[in-house]
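Dear colleague,

Please find below the structure that I am handing over to you. My account of what was found in it follows directly after.

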Amino acid sequence: MKKKKNTRRIFAFIAIGILLSMYLLNLILALIGSPLAQNLLKASMVLSIMVPILLYAMAVLMKKSDSLNPSIKGRPKEEENYTEEDSSEKDI
């Protein structure tokens, strides 16, 4: 559990670093007047919107996958719930 918490914390710091660098890049590109900088600024602004959305979606999916994984919650796997009678009924 602690290892999982540390992994999430590392990913959170990486995400913060990416977002801060993108915002800094937006500021720098906005101050540069060349046509290439304008195109890069547009792309950077789109990524500034899309990256946080994708990071949030990944976080939601990680939480859902944790709740769906039976080994994490301590529930037995489906195969362990079957008895010999159940398996013989499926063969018929």
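The protein chain of this predicted model exposes about 8,100 Å², and carbon and sulfur atoms supply 68% of that area. Of its 92 residues, 12% count as buried.

Overall architecture

The chain contains 5 helices and 0 strands. Read from the N terminus, the order of the elements is accordingly α-α-α-α-α. Among the contacts with a separation of 6 or more, 41% are accounted for by residues 24 or more positions apart.

Helices α1 and α2

Helix α1 covers residues 2-31. Its 30 residues reach 44 Å from the first C-alpha to the last, which is close to the 44 Å expected at 1.5 Å a residue. Helix α2 covers residues 35-68. With 34 residues, α2 reaches 49 Å between its first and last C-alpha, close to the 50 Å expected at 1.5 Å a residue.

Which residues of α1 are buried? They are Ala15, Leu19, Met22, Asn26 and Leu29. These buried residues of α1 pack against α2. In α2, the buried residues are Ala37, Leu41, Ser44, Ser48, Val51 and Asp66.

Individual positions

Ser44 is a residue of helix α2. It has a relative accessible area of 5% and is therefore buried, the cut-off for that class being under 20%. Once neighbours within four places in sequence are left aside, Ser44 is in contact with Met22, Leu25, Asn26 and Leu29. Of these partners, Met22, Asn26 and Leu29 are themselves among the buried residues of α1.

Leu25, also a contact of Ser44, lies in helix α1. Is Leu25 buried or partly exposed? Its relative accessible area is 41%, so Leu25 is partly exposed. Leu25 and Leu40 are 15 residues apart in sequence, and their C-alpha atoms are 9.3 Å apart in space.

Pro52 has its place in helix α2. This residue is partly exposed because its relative accessible area is 28%. Not counting residues up to four places away in sequence, Pro52 touches Leu19, Tyr23 and Leu47; Leu19 is one of the buried residues of α1. Pro52 and Ile16 are 36 residues apart in sequence, while the distance from C-alpha to C-alpha is 9.7 Å.

Asn39 likewise belongs to helix α2. With a relative accessible area of 48%, Asn39 is partly exposed; a residue counts as exposed over 50%. The C-alpha atoms of Asn39 and Leu29 are separated by 9.2 Å, and the two residues are 10 residues apart along the chain. Leu29 is also in contact with Ser44.

The largest pocket

Rolling a probe the size of a water molecule over the atoms shows where empty space is left. In this model, about 340 Å³ of space lies in the largest pocket. The pocket is lined by 13 residues, of which Phe11, Ala12, Ala15, Leu55 and Ala59 are the closest to its centre. The elements that give two or more residues to this lining are α1 and α2.

Which element provides the largest share of the lining? That element is α1, which contributes 7 residues. By character, the residues of the lining divide into 11 nonpolar, no polar and 2 charged. Ala15, one of the residues closest to the centre of the pocket, also appears among the buried residues of α1.

To summarise, the buried residues of α1 pack against α2, and α1 and α2 are also the elements that give two or more residues to the lining of the largest pocket. Ser44 of α2 is buried, whereas Leu25, Pro52 and Asn39 are partly exposed.

With kind regards

Conventions
Residues numbered from 1 in each chain as written. Predicted model: local features only at pLDDT ≥ 70, side-chain atom pairs only at ≥ 80, totals over all residues. Heavy atoms only, no water. Helix = DSSP H or I, 4+ residues; strand = E, 2+ residues; numbered from the N terminus. Buried < 20%, exposed > 50% of the residue type's maximum accessible area, 1.4 Å probe, protein only. Contact = heavy atoms within 4.5 Å. Areas by Shrake-Rupley, 256 points an atom, 1.4 Å probe, with all protein chains shown as cover. 1 Å grid on protein atoms, 1.4 Å probe; cavity = no way out; pocket = protein on both sides within 12 Å on 5 of 7 lines; lining within 4 Å. Points joined across faces, edges and corners; volume = space filled by probe spheres on them. Nonpolar A, V, L, I, M, F, W, Y, C, P; charged D, E, K, R; others polar. Expected span 1.5 Å × (residues − 1).
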